[in-house]
Amino acid sequence: MDLQKHTPPQPAPAPTDLRASDADRDRVADILRDALAEGRLTADEHAERVEGVLAAKTVGELEVFVQDLPAAHPPRTTAPPRPAGGALPADPDDNIVAVFSSATRRGRWRAGRRIHAYAVFGSVEIDLSEALFEYQQVVVKAYAVFGSVEVRVPENISLRGNGGGILGSFEVDTLDSGDPDAPVVYLDGWAVLGSVEGRPRRGRLVADILDRVQRKVDRGLHKHLDR
């Protein structure tokens, strides 16, 4: 007979019950300051709420002061839906193959709409952190058999994965860009006694794809008008 007393585990506190930090107070104070500048709050309302923010002890108490302000509820952005079957070319724009060897694609290169990677007793590295995205949606098909395929992307795009591993690993860090028009990379495939992984490369940012598209449209328009 076990005579020891077992203390039941305590439930984790809700996020709103956590103690507020100075950074939390600064964030809320910034929202209140912007609301005052936009005319959403009067000077008296702003002063009253700031006083409450300084006295707040928990995150939940802080949220009370901004719950009626739109800046406290930013819109959620999600990646566009996966391209339909006929939306992408049947043949890959790039084939990257490593058989008992290694293959790397990195630096400043143009990413096509479809990239195929095959690693058979070898390794493939696809680094898109400095690539030129001419299309918003890029599909990477990766197959690793006793090998590895690594895909790296800029941290301000969206990344999705759809695949699996057979005595291997298929791991993709899902990534959501704050810009709904940012490029989206879909990493698909299989790892058989190997590994496929997709990760963001921190500190690497892709340029705004819409700026490049707009420049192309402007050039085409100028050529048309000059005729």
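Here are some questions and answers about this predicted model.

Q: How many helices and strands does the secondary structure of the chain come to?
A: Happy to start with the overall layout. Helices here are runs of at least four residues, and strands are runs of at least two. Counted that way, the chain has four helices and twelve strands.

Q: What percentage of the 227 residues of the chain count as buried?
A: A residue is called buried when its relative accessible area is under 20%. Applied to the 227 residues of the chain, that cut-off gives a buried share of 35%.

Q: What share of the accessible surface of the chain belongs to carbon and sulfur atoms?
A: The total to start from is an accessible surface of about 14000 Å². The part of that surface belonging to carbon and sulfur atoms is 52%.

Q: Among contacts between residues at least 6 apart in sequence, what percentage join residues at least 24 apart?
A: A contact here means heavy atoms within 4.5 Å. Taking the contacts between residues at least 6 apart in sequence, the portion that joins residues at least 24 apart is 66%.

Q: Is Asp-44 buried or exposed?
A: Let's place the residue before judging it: Asp-44 sits in helix α2, which covers residues 43-55. Its relative accessibility is 64%, and the cut-off for the outermost class is over 50%. Asp-44 is therefore exposed.

Q: Which residues gather with Asp-44 in a patch of negative charge on the surface?
A: Asp and Glu are the residues that count as negative. A patch joins like charges within 9 Å, from residues with over 30% relative accessible area and no salt bridge. The partners of Asp-44 in this surface patch are Glu-45, Glu-48 and Glu-51.

Q: Where does Phe-146, with its positive phi, lie?
A: Phe-146 is not a glycine, yet its phi is about 55 degrees. At a relative accessible area of 42%, Phe-146 is partly exposed. Its place is the loop between β7 (137-145) and β8 (148-154).

Q: What is the phi of Leu-193?
A: Leu-193 belongs to the loop between β11 (184-192) and β12 (195-201). With 38% relative accessibility, it counts as partly exposed. Although Leu-193 is not a glycine, its phi is positive, at about 50 degrees.

Q: What distance separates the C-alpha atoms of Ala-131 and Arg-110?
A: Ala-131 is in the loop between β5 (123-127) and β6 (132-133). Because its relative accessibility is 4%, Ala-131 counts as buried. Arg-110 is 21 residues away along the chain, and the separation of the two C-alpha atoms is 5.7 Å.

Methods. Residues numbered from 1 in each chain as written. Predicted model: local features only at pLDDT ≥ 70, side-chain atom pairs only at ≥ 80, totals over all residues. Heavy atoms only, no water. Patch = residues over 30% accessible without salt bridge, like charges linked within 9 Å, V, L, I, M, F, W, Y side chains within 5 Å. Areas by Shrake-Rupley, 256 points an atom, 1.4 Å probe, with all protein chains shown as cover. Salt bridge = Lys/Arg side-chain N within 4 Å of Asp/Glu carboxyl O. Charge placed at Lys NZ, Arg CZ, Asp CG, Glu CD. Buried < 20%, exposed > 50% of the residue type's maximum accessible area, 1.4 Å probe, protein only.
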